[in-house]
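This report introduces a single protein chain to a reader who has not met it before. It moves from the chain as a whole to its strands, its nonpolar residues and its charged pairs.

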Amino acid sequence: FLVQTFVITSGSMEDTLLVGDMLMVNRAAIGSPVPFTGLRIPGYSEPRRLDVIVFDPPHEETLKLVKRLIGLPGDTLQMKNRVLYINGVEQDEPYVKHSDVPDETHPWMAWQRDHLAPGVDR
């Protein structure tokens, strides 16, 4: 529960991580659950914006997601015309590549609606 390895299985972070890349994750850095106890060891660090993190999404028990941390507690995030705004400030995201494929809503992503603030356009 202190160090864990993961193999990247999707291309969602291509050019940062490639399918087949292996990660070693220091689970102790921000705290880690102690297996079979319900307890959590305290971490020695705090997550920072732009960190690459591994987490358990609330909609799928056995899935692990590897994503870039963009929002922190208290932040307001907004996407407008493919531009990210954090607390009203346009962000430069050199790691993002846009394509001409329009955004789509996929049923697999419906779980995210439960985590939007009230009144947010869904």
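In this predicted model, residues 24 or more positions apart account for 25% of the contacts with a separation of 6 or more. The chain has 122 residues, of which 17% are buried. Its accessible surface comes to about 9700 Å², and carbon and sulfur atoms contribute 56% of that area.

**Strands and sheet**

The secondary structure comprises 9 strands and 0 helices. Read from the N terminus, the elements therefore run β-β-β-β-β-β-β-β-β, given that helices and strands are taken as DSSP runs numbered from that end.

Three of the strands form an open sheet in the order S7-S8-S9, with antiparallel pairing. Its edge strands are S7 and S9, each of which pairs on one side only. Strand S7 (residues 77-80) and strand S8 (residues 83-86) are joined antiparallel over 4 bridges, and leucine 77 stands opposite isoleucine 86 in S8. Between S8 and S9, which also run antiparallel, there are 2 bridges. Isoleucine 86 has valine 89 as its bridge partner in S9.

S7 and S8 form a hairpin with 2 residues between them. Asparagine 81, in the loop between S7 and S8, has a phi near 55 degrees, a positive value in a residue other than glycine. This asparagine counts as exposed because its relative accessibility is 73%. Asparagine 87 lies in the loop between S8 and strand S9 (89-90). Its phi is likewise positive, at about 55 degrees, although asparagine 87 is not a glycine. With a relative accessibility of 45%, asparagine 87 is partly exposed.

**Nonpolar residues**

Which residues make up the largest nonpolar core? It has 7 members: Phe6, Ile8, Met13, Leu17, Leu23, Val25 and Val66. In soluble globular proteins, nonpolar side chains tend to be buried together. Leaving aside residues up to four places away in sequence, valine 25 touches Leu2, Val3, Gln4, Phe6 and Val54.

A nonpolar patch also lies on the surface, formed by Leu2, Val3 and Met24, with about 320 Å² of accessible area together. Valine 3 belongs to strand S1 (residues 3-7). Is valine 3 buried or exposed? Its relative accessible area is 54%, so valine 3 is exposed, the cut-off being over 50%.

**Salt bridges**

The structure holds 2 salt bridges. Side chains of opposite charge can pair when their charged atoms come close. The table lists both pairs with the distance between their closest N and O atoms.

| Pair | Closest N and O atoms |
|---|---|
| Arginine 48 and aspartate 51 | 3.9 Å |
| Arginine 49 and aspartate 75 | 2.8 Å |

The pair of arginine 49 and aspartate 75 links distant parts of the chain, its residues being 26 residues apart. Arginine 49 sits in the loop between strand S4 (40-41) and strand S5 (52-55), whereas aspartate 75 is in the loop between strand S6 (65-68) and S7. Arginine 49 is partly exposed, with a relative accessible area of 31%, and aspartate 75 is partly exposed at 21%.

In the other salt bridge, formed by arginine 48 and aspartate 51, arginine 48 counts as exposed because its relative accessibility is 52%. Its partner aspartate 51 is partly exposed, with a relative accessible area of 21%.

Technical notes:
Residues numbered from 1 in each chain as written. Predicted model: local features only at pLDDT ≥ 70, side-chain atom pairs only at ≥ 80, totals over all residues. Heavy atoms only, no water. Patch = residues over 30% accessible without salt bridge, like charges linked within 9 Å, V, L, I, M, F, W, Y side chains within 5 Å. Areas by Shrake-Rupley, 256 points an atom, 1.4 Å probe, with all protein chains shown as cover. Salt bridge = Lys/Arg side-chain N within 4 Å of Asp/Glu carboxyl O. Buried < 20%, exposed > 50% of the residue type's maximum accessible area, 1.4 Å probe, protein only. Contact = heavy atoms within 4.5 Å. Pairing = 2+ DSSP bridges. Core = buried A, V, L, I, M, F, W, Y, C linked by side-chain atoms within 4.5 Å.
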